[in-house]
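The following exchange examines how terms are applied to a protein model. Please look at the sequence and structure before reading on.

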Amino acid sequence: MDDLRRIDLNLLLTLHALLAERHVSRAALRLHRSQPAVSHALAQLRGIFDDPLLVRRDGGLALTSRALELQRPLEDALDQLQGLLHAPAFDPRRAKRTFRIALSDYGSRVSLPQLTRRVREQAPGIDLAATQASREAMLTQLLDGEIDLALGVFHEFPGELETQTLFEESFVCLADRTTLPARGGLTMAAWLARPHVLVAMRPGADNEIDQALEALGHTRRVAVTLPHWSIAPELIAGTDLILTVAQTAVAHLRHDRQLRRFAAPFAIPPFLFQAAWHARRDVDPAHRWLREQIADICR
């Protein structure tokens, strides 16, 4: 408590601005304060933390190791204080905010169209910024505060993250109907004899299909690997390729005359489609509203 008496909230806000801007003048503009006042606050902060915090390098200012260590805890602390000072009420029609969401091509298909329509109807001042990344990258971005929410298929979560299962998904196979028997699907031998398309962010990545095959002592030939679900069905039309994907990803092709859906000749465990976010966002009423919309859509 004695250490807390040496610092006030204004100094913490100044530190936050300095670490973000890495420039005294820009930090002063951000805080609506004079440059000498911010320079004086920086001197105080250097004394409190016994560290220069910002040092001159390559014609600008760079953060010291100590300053880098302070960034995330400081942001977390200010977020917590913000939650204490503001009422939890949230009015989507008056809200003005941008949500950064990371999701795969598949996640975009199952959630973004309806979410976009709902946000435009209920919260026209809210903007959505969607990005795509691997599962590992999404979790890292959540931890670093680069995104607000991640939607995808995850296996392990760091302890700082919260999760919600949105639905359970199963796999289905897709092939050009002229390469299939008149009725039914393929035997295991026939399925393994055909070349396959794999949807993955990178070649050789672990996936549920090949893990299930490996458990049975089999491997398949993956002739094409690509990161996009939406274009994958177009690759197999007119070829001998087989695509094994989540059912929802190809639901719109149910009545396609050239392609046919059929069950895989072996059991592939279903997977969970989940939302993940940092625990510091858990009490944010706007963030909670967004999660509720996505959960409702995915039901």
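**Where two domains meet**

In this predicted model, Arg135 and Glu208 form a salt bridge, with their closest N and O atoms 3.4 Å apart.

Q: Why is the pair Arg135 and Glu208 called a salt bridge?
A: A side-chain nitrogen of Lys or Arg must lie within 4 Å of a carboxyl oxygen of Asp or Glu. The closest N and O atoms of Arg135 and Glu208 are 3.4 Å apart, so the pair meets this rule.

Q: How many salt bridges does the rule find across the interface of domain 2 and domain 3?
A: The rule finds 1 salt bridge there. Between these two domains there are also 3 residue pairs in polar contact, counted with both residues at pLDDT 80 or more.

Q: Which elements give two or more residues to the side of domain 2 that touches domain 3?
A: They are α5 (105–122) and α6 (135–144). The element that gives the most is α5, with 4 residues.

Q: What makes up the side of domain 2 that touches domain 3, by class?
A: That side has 4 nonpolar, 4 polar and 4 charged residues.

Q: How do you know that domain 2 and domain 3 are in contact?
A: Contact requires heavy atoms within 4.5 Å. By this rule, 12 residues of domain 2 are in contact with 11 residues of domain 3.

Q: What area is buried between domain 2 and domain 3?
A: The buried area is about 960 Å², and carbon and sulfur atoms give 53% of it. Of the area that domain 2 buries against domain 3, Asp105, Tyr106 and Arg109 supply 55%, more than any other three residues.

How values were computed: Residues are numbered from 1 along each chain as its sequence is written. This is a predicted model: local features need pLDDT of at least 70, side-chain atom pairs count only at pLDDT 80 or more; totals for chains, interfaces and linings use all residues. Side-chain values use heavy atoms; hydrogens and water are left out. Buried area is the accessible area (1.4 Å probe) that two parts lose on being put together, summed over both. A polar contact is a pair of N or O atoms within 3.5 Å; within protein, one must be able to donate a hydrogen and the other to accept it, and residues adjacent in sequence count only if both atoms are side-chain atoms. Ala, Val, Leu, Ile, Met, Phe, Trp, Tyr, Cys and Pro count as nonpolar, Asp, Glu, Lys and Arg as charged, and the others, Gly among them, as polar.
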